[in-house]
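Visitor: I'd like to learn how to read a structure like this one. Could you walk me through it, one feature at a time?

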Amino acid sequence: PDLIDFYWPQLLHAHLRLAKQMSMSSLARIDLLQQCILVISLRYPQLALKTACAMVAVFSDYTEKRVNANQYAASMVLYLLLQAIISGTVPCLADVTEGFLGSCLIAAPHQKIELRVELRILMRCRRKGLEYQDQEDAQSKHDRLARIPGCEVVEKTRRVSSPVTQSSPSAGEGA
């Protein structure tokens with residue numbers, strides 16, 4: 001845990017830097033990095049607390065215009081997922097205002113509805129991002145295998161074959 005603790009700020013900074021640019025590949029990387037952060041945070045509670053504090057710092061940086069909207073959104077997602085893992089629910093959606101995590105965000109009813117919708121959209125985007133990453137990885141593997149001499153790459157695409165009809169040569173076509 002000490003070694004992870006030493007590199008934790010750099011990992012969180014990498015998350016923030018990746019979130020600055022929003023492309024499909026960076027979204028997939030952000031998602032994988034967030035999953036890694038969440039798994040480690042679940043194992044080591046002191047890192048979960050550091051992550052929560054770092055995300056709250058990002059929120060204050062956003063109000064002072066030091067981070068962009070993409071970084072703010074990625075940090076908010078990580079923060080909400082961290083809350084869900086630590087407390088079993090997202091406190092701002094469940095009207096829980098106890099403790100540090102619960103008191104940081106208190107949503108109004110219209111914000112809760114909007115947040116639920118946004119979280120559904122986020123999960124769909126994550127799923128699409130992972131599918132995109134899988135396709136990109138498969139294409140990369142296909143390209144690497146195609147460059148190896150003597151290695152045949154079998155296409156996995158289904159082709160619908162239609163019956164081939166042979167026509168007799170027409171009168172104008174001679175031998």
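**Reading the features step by step**

Guide: Let's start with a single residue: Tyr132 is partly exposed, because its relative accessible area is 32%, which falls between the 20% limit for buried and the 50% limit for exposed. Keep in mind that this is a predicted model.

Visitor: Where does Tyr132 lie?

Guide: Tyr132 is part of helix H7, which covers residues 109-147.

Visitor: And which residues is Tyr132 in contact with, once its neighbours within four places in sequence are left aside?

Guide: Met24 and Ser25. A related way to look at Tyr132 is to set sequence beside space: Tyr132 and Leu27 are 105 residues apart along the chain, with 10.0 Å between their C-alpha atoms.

Visitor: Let me step back. How many helices and strands does the protein chain have?

Guide: Seven helices and zero strands. Going along the sequence, you get the pattern α-α-α-α-α-α-α.

Visitor: What share of the residues counts as buried?

Guide: The protein chain has 175 residues, and 28% of them count as buried. As for the outside, the chain exposes about 12300 Å², with carbon and sulfur atoms supplying 58% of that area.

Visitor: What part of the contacts comes from residues 24 or more positions apart?

Guide: Take the contacts with a separation of 6 or more: residues 24 or more positions apart account for 59% of them.

Visitor: Now for pairs of helices. At what angle do H1 and H3 pack?

Guide: Look at the angle and the gap between the axes together. Helix H1 (residues 2-20) and helix H3 (residues 45-63) pack at about 35°, and their axes are 11 Å apart. The crossing of these two helices is right-handed.

Visitor: Which residues of H1 and H3 meet?

Guide: From H1 come Ile4, Asp5, Trp8, Leu12 and Leu16, and from H3 come Leu47, Lys50, Thr51, Ala54, Met55 and Val58. Sorted by class, this contact has eight nonpolar residues, one polar and two charged.

Visitor: How do H3 and H4 pack, in angle and distance?

Guide: Helix H4 spans residues 69-87, and H3 packs with H4 at about 150°, with 9 Å between the axes. Here the crossing is left-handed. On the H3 side the meeting residues include Ala48, Thr51, Phe59 and Tyr62, and on the H4 side they include Tyr72, Ser75, Tyr79 and Ile86. The contact of H3 with H4 holds 14 nonpolar residues, three polar ones and no charged ones.

Visitor: Thr51 has turned up at both contacts. Is Thr51 buried or exposed?

Guide: Thr51 counts as buried, because its relative accessibility is 0% and the limit for buried is 20%. Setting aside residues up to four places away in sequence, Thr51 touches Trp8, Leu12, Ile37, Ser41, Leu78 and Leu82.

Visitor: Where does Ile37 lie?

Guide: In helix H2, residues 24-43. Ile37 is buried as well, with a relative accessible area of 0%. With residues up to four places away not counted, Ile37 touches Trp8, Leu11, Leu12, His15, Thr51 and Leu78. Between Ile37 and Leu47 there are 8.9 Å from C-alpha to C-alpha, and the two are ten residues apart in sequence.

Visitor: One last topic: rings. How do I describe an aromatic pair?

Guide: You give the distance of the centres and the angle of the planes.

Visitor: How many aromatic pairs does the whole structure have?

Guide: A search finds three. One of them joins Phe6 and Tyr7, edge-to-face, at 4.9 Å centre to centre and 85° between the planes. Phe6 is exposed, with a relative accessible area of 54%, while Tyr7 is partly exposed at 46%. Phe59 and Tyr79 form another edge-to-face pair, with 5.4 Å between centres and 90° between planes. This pair links distant parts of the chain, since Phe59 sits in H3 and Tyr79 in H4, 20 residues apart.

Visitor: Are Phe59 and Tyr79 buried or exposed?

Guide: Phe59 counts as buried at 13% relative accessibility, and Tyr79 counts as buried at 0%. To finish, ring pairs link Phe59, Tyr72 and Tyr79 into a cluster.

Methods. Residues numbered from 1 in each chain as written. Predicted model: local features only at pLDDT ≥ 70, side-chain atom pairs only at ≥ 80, totals over all residues. Heavy atoms only, no water. Axes fitted to C-alpha atoms, helices over the stretch in contact; angles between N-to-C directions. Helix = DSSP H or I, 4+ residues; strand = E, 2+ residues; numbered from the N terminus. Left-handed = near helix turned anticlockwise from the far one by under 90°. Contact = heavy atoms within 4.5 Å. Nonpolar A, V, L, I, M, F, W, Y, C, P; charged D, E, K, R; others polar. Buried < 20%, exposed > 50% of the residue type's maximum accessible area, 1.4 Å probe, protein only. Areas by Shrake-Rupley, 256 points an atom, 1.4 Å probe, with all protein chains shown as cover. Phe/Tyr/Trp six-rings, centres within 6.5 Å; stacked < 30°, edge-to-face > 60°.
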